[in-house]
Amino acid sequence: MAITAPRPGTTTASAAWSLWALLLGVGLLMLGNGLMGSLLGMRAAEEAFGNTATGFIMSSYFVGFLAGSTLTPRKLREVGHIRVFAALASITSIAILVHVMVIDPWIWAGMRLVTGFAYAGLYVVTESWLNGYASNQLRGRLLAFYMVISYLGMGGGQLMLNLADPSGVILFLLVSILVSLALVPILLSHTPQPDTSQPESMSLLRLCRLSPLGTIGCLLTGIANGTVFGMGAVYATRSGMAVDEVAAFMGAFILGGALLQWPLGKLSDKTDRQKVIVVVAGLATLLALAGLTVDADSPLLRILLGAALGGTSLTLYSLCLANANDDLTSSQVIAASSSLVLALGIGATLGPVSTGLLMEWLGPGGFMWDMAVIHALIVVVGLYCLVHFPSRASETYGHYVAMPAGSAALGTTWAEEAANEAEQLELDLEGEALSAAEAEAPADIDDAWADQGAPRPSPL
């Protein structure tokens, strides 16, 4: 299906319908990714790998994600989006099948690293595809629509744990099928491949000086996200929850994040964003501490608590990202994107490891202790910034755009395209101003050029 640029006045619904094949592929990818994350956690517990080894396995995904988000744009320029997407999806499908061929924590860690690398590249291709279609007027709404599909896919993947016994091979085969099936609608779609150029780098130290809460917040929310997606199912399993209850817990966690993304983001547009971050992180801290007191015989209460904690924890990355953009000039946004991705990736890598160590020491409650400490640190940093780095009112502030943490690496592409369009608009306005000035120039300018024996230069 050929995808053409949207006409002026195109609605979000009609634009999304034009991209149905791409969005369907994204939904299938996220179904597979959501199912695989929880499935590995449960299977690792059954294989008695231990909390530390399981945390290492889960962290390997985010190490691969860092590498994939850094290296994939280079390969896109060499062979194009479609070939990269097909290759990475095939690699992912193979890595998933290796898990059931060799039951070994070191092999699983290696395959998880490969999976993280491939998924990062798949996200890059997907959002580049969306970015090549969307105009500035539709970009934010399409990205929000894409975010909802991503979270619903992740949540739906958790519920698919009920389809078969995690100790068998059926669920692993199902993940491989979903990833392979995601290739079909995208490979049958035809669209010009967008240009993906590499932004200049900015050190984390410099970025932290420019936007301390945005940078440190992305790092800490990365730890929280890595903890949730890497060790959430392990925590639920070792808390005595059945397979269907583990699926419901993880699904509720992600659904809570999907439902509260938009209202909290709109609230942060209308008031001091730093205050919103502090309040949301404070609520997440209290909910995590409350999770320590929940009776193990109350799975429904634990699931409801997971939905509330997900609604606060999983929304903080987008809030911190928006706060970072508030503190940067338009010329700094592109350079800062890669550093924010790096901060998120480092945090996501540390999350499962730190949680695994705490659960080894404190039991299943180590998961909630880790979540409480992470969000308490965000509160402390936020309060410090409210005093020493108060928000500045500016007409150049960008609006909040809901962004799923799993696709953080792709914000660079969207920011760069927006900046390119803004630069082109500025050049067009300058050209119009020059043409108008020349039209009003006195006629004797032509005579001056004639006196020098040369024709007047063409404005073109």
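**Figure 1. Glutamate 47 is partly exposed, with 32% relative accessibility, and it takes part in a salt bridge with arginine 43.** Welcome to this predicted model; we start with a pair of charged side chains. The closest N and O atoms of arginine 43 and glutamate 47 are 3.0 Å apart. Is arginine 43 buried or exposed? Arginine 43 counts as buried because its relative accessibility is 8%, which is under the 20% limit. Glutamate 47, at 32%, falls in the partly exposed class. A search of the whole structure turns up 1 salt bridge. Side chains of opposite charge can pair when their charged atoms come close.

**Figure 2. The whole chain is built with 17 helices and 0 strands.** Let us step back for a moment before the next close-up. The chain has 460 residues, and buried residues make up 52% of them. Among contacts with a separation of 6 or more, 85% join residues that are 24 or more positions apart. On the outside, the chain exposes about 19700 Å². Carbon and sulfur atoms supply 66% of that area.

**Figure 3. The largest nonpolar core holds 101 residues.** Which members of this core touch the most other members? They are Leu161, Phe249 and Met371. Helix H2, residues 20–46, provides the largest share of the core, with 12 residues. In soluble globular proteins, nonpolar side chains tend to be buried together. A closer look at phenylalanine 249 shows its contacts beyond residues up to four places away in sequence: Gly232, Tyr235, Ala236, Met241, Arg302, Ile303 and Gly306.

**Figure 4. Tryptophan 108 and phenylalanine 172 form one of the 7 aromatic pairs found in the whole structure.** Their rings are 6.3 Å apart, centre to centre, and their planes are 55 degrees apart, which makes the pair tilted. Tryptophan 108 sits in helix H5 (residues 105–133) and phenylalanine 172 in helix H7 (residues 170–187), so this pair ties together parts that are 64 residues apart in sequence. Both tryptophan 108 and phenylalanine 172 are buried.

**Figure 5. Tyrosine 235 and phenylalanine 367 form a stacked aromatic pair.** Here the ring centres are 4.6 Å apart, with 15 degrees between the planes. Which helices does this pair link? Tyrosine 235 belongs to helix H9 (residues 212–238) and phenylalanine 367 to helix H15, and the two residues are 132 residues apart. Tyrosine 235 counts as buried, with a relative accessibility of 2%. Phenylalanine 367 counts as buried too, at 0%. Ring pairs link Tyr235, Phe249, Phe253 and Phe367 into a cluster, and Phe249 will be familiar from the view of the core.

**Figure 6. A nonpolar patch of about 980 Å² lies on the surface.** Its members are Val279, Leu283, Leu286, Leu289, Leu292, Trp361, Leu362, Trp369, Val373 and Leu377. The elements that give two or more residues to the patch are helix H11 (273–291), helix H14 (330–362) and helix H15 (365–388). Which element gives the most to it? Helix H11 does, with 4 residues. Leucine 362, a member of the patch, is placed in helix H14. Leucine 362 counts as partly exposed because its relative accessibility is 40%.

Key
Residues numbered from 1 in each chain as written. Predicted model: local features only at pLDDT ≥ 70, side-chain atom pairs only at ≥ 80, totals over all residues. Heavy atoms only, no water. Core = buried A, V, L, I, M, F, W, Y, C linked by side-chain atoms within 4.5 Å. Buried < 20%, exposed > 50% of the residue type's maximum accessible area, 1.4 Å probe, protein only. Contact = heavy atoms within 4.5 Å. Patch = residues over 30% accessible without salt bridge, like charges linked within 9 Å, V, L, I, M, F, W, Y side chains within 5 Å. Areas by Shrake-Rupley, 256 points an atom, 1.4 Å probe, with all protein chains shown as cover. Salt bridge = Lys/Arg side-chain N within 4 Å of Asp/Glu carboxyl O. Phe/Tyr/Trp six-rings, centres within 6.5 Å; stacked < 30°, edge-to-face > 60°.
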